[in-house]
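User: I'm new to this one. Can you walk me through it?
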Amino acid sequence: MNLCSYLKMKKHILVVPGDGIGQEVTAVGKKVLEKIAEKFGHEFTYDEALIGHAAIEAAGNPLPDETLEKMRASDAVLFGAVGHPKYDNDPSAKVRPEQGLLKMRKELGLYANLRPIKLFDELLSASSIKPEILRGSDILFFRELTGDIYFGEKGRENDGDTAYDIARYSTYEVERIARKAFDAAMTRGKKLMSVDKANVLETSRLWREVVQRVAKEYPEVTVEHQFVDSAAMLLIKDPRRFDVVVTANLFGDILTDEASQIAGSMGMLASASIGDGTGVYEPIHGSAHDITGMGLANPMASVLSAALLLDISFGLKEESDAIINAVDLVLKSGVRTRDIADADTPKDKILGTDATGEALLSYL
Ligand code: GGG
């Protein structure tokens, strides 16, 4: 037990469930935090706020000022997901749930998105990748989160016939995410892969130049540069080749969804968005309206996001490990949500969101 764990911590957590299954999984994440506070003698207080489609419906704005103020005033944010199919089928919609997510990242200076690809042994067979290729995979992605094509000018010209999105990166933006990734590499296998498309894109040529320069400050770290197309192929072919990966916003978004298949399901992957202020912790999955309200969503990603919150924002490593251990024990007990069940899973072991949450709480 570290010294921190002897101290009662008083922290204020903002819960922002967002849309779709965000509501269901975040409720489980919060219950786990409450149980941890009770078990370890901490005092966590909570508030809630709206974002995304839920906020558009209530306030006409995907990120109301009130939500942003509450985020800034909190010690950490437990976040769910944003999105709604009605906007996906209406390309002309001017206000969209995802605008709330992007604005939140920019306003809070959340430039580093950490996405650990943790494979629990019990889920080796849940993946479509062969177990002998997967066994032992353990990857930490650093996705740059406040730059790139997501934040550049976008628009239409030629009477709407032509569309453009501008990708832009500054040396400063690449340097700060590269340093975070190199620092992490120093605490892990001293291996870092930087992913870009430097054979085609100017932003990627700057990216590579800057990463090469920062690498000189970390002579112990072995650096590999991969083009994004090659990295996408290698991720499935040889996942153990990867340790710490640093990449741009768009490439990181796509590669981590692909990498979720290493962990068995998107429902298993947590993330931490950190930078200048309050940290935001959320599953990498979206709002999944196809299963919203059915009680089928896997809450593990939200629960593992709560574990990241405790570790990174509060420095409570023992408490964080207790959550990861509970996830491991639930999986060892044979319990599965639908997304990680396979043909051999007994029917009575396939549980819904709330029952999986109860199983997790029983191991805390
Ligand atoms: N919890 C993640 C989430 O809500 N994802 C929806 C989304 O729009 N993602 C885009 C992105 O992460 O840039």
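Analyst: Below we go through the domains, the ligand, the annotated sites and the core. Keep in mind that this is a predicted model.

User: How is the protein chain divided into domains?
Analyst: The assignment gives domain 1, made of 1-113 + 268-364, and domain 2, made of 128-263. Their centres, taken over C-alpha atoms, are separated by 24 Å.

User: How many residues does each domain bring to the contact?
Analyst: Domain 1 brings 11 residues and domain 2 brings 15 residues. On the side of domain 1 that touches domain 2, α6 and β4 are the elements giving two or more residues. The largest share there comes from α6, with 3 residues.

User: And what classes of residue are on that side of domain 1?
Analyst: There are 7 nonpolar, 2 polar and 2 charged residues.

User: Let's switch to the ligand. Which residues surround the ligand?
Analyst: One group is Ala-81, Val-82 and Gly-83. Glu-98, Leu-101 and Asp-253 are also in the shell. The rest of the shell is Glu-282, Pro-283, Ile-284, His-285 and Gly-286.

User: Which elements supply at least two residues of that shell?
Analyst: Two do: α6 (97-107) and β12 (279-283). By class, the shell has 5 nonpolar, 3 polar and 3 charged residues.

User: Where does UniProt place the feature "binding site"?
Analyst: The unreviewed UniProt entry puts "binding site" at Arg-105, Arg-115, Arg-143 and Asp-229. These positions are spread over 125 residues of sequence, and in space they are up to 26.5 Å apart between C-alpha atoms.

User: Take Arg-115. Is Arg-115 buried or exposed?
Analyst: Arg-115 counts as buried because 25 other C-beta atoms lie within 10 Å, and the cut-off is 20 or more. Arg-115 sits in strand β4, residues 112-118.

User: What is Arg-115 in contact with, leaving aside its neighbours within four places in sequence?
Analyst: Its contacts are Phe-141, Arg-143, Thr-256, Leu-269, Ser-271 and Ile-284. Arg-143 is another of the "binding site" positions in the UniProt entry. Ile-284 also belongs to the shell around the ligand.

User: Then what about Arg-143? Which strand is Arg-143 in?
Analyst: Arg-143 is in strand β5, residues 138-144. Arg-143 is buried, since it has 27 C-beta neighbours inside 10 Å. Leaving aside neighbours within four places in sequence, the contacts of Arg-143 include Asn-113, Arg-115 and Asp-253. Asp-253 is part of the ligand shell too.

User: New topic: the largest nonpolar core. Which residues touch the most other members?
Analyst: The core has 101 residues, and Tyr-281, Val-303 and Ala-306 touch the most other members. Its largest share is 9 residues from helix α12, residues 300-313. Domain 1 and domain 2 each give the core at least three residues.

User: Why would nonpolar residues group like that?
Analyst: In soluble globular proteins, nonpolar side chains tend to be buried together.

User: What does Tyr-281 touch, leaving aside its neighbours within four places in sequence?
Analyst: Tyr-281 is in contact with Ala-76, Val-77, Leu-78 and Phe-79, among others. Its contacts also include Ala-272, Ser-305, Ala-306, Leu-308 and Leu-309.

User: One last residue. Where does Val-211 lie?
Analyst: Val-211 lies in helix α9, residues 202-215. Val-211 is buried because it has 23 C-beta neighbours inside 10 Å. Not counting residues up to four places away in sequence, Val-211 touches Val-174, Ala-178 and Ser-194. Val-246 is 35 residues away from Val-211 in sequence, and 9.3 Å away in space, C-alpha to C-alpha.

How values were computed. Residues numbered from 1 in each chain as written. Predicted model: local features only at pLDDT ≥ 70, side-chain atom pairs only at ≥ 80, totals over all residues. Near = placed C-beta within 6 Å. Helix = DSSP H or I, 4+ residues; strand = E, 2+ residues; numbered from the N terminus. Nonpolar A, V, L, I, M, F, W, Y, C, P; charged D, E, K, R; others polar. UniProt positions renumbered as here; feature names shortened; annotations may be inferred. Buried ≥ 20, exposed ≤ 12 C-beta atoms within 10 Å, placed from the backbone. Contact = placed C-beta atoms within 7 Å. Domains from an automatic or database assignment. Core = buried A, V, L, I, M, F, W, Y, C linked by C-beta atoms within 7 Å.
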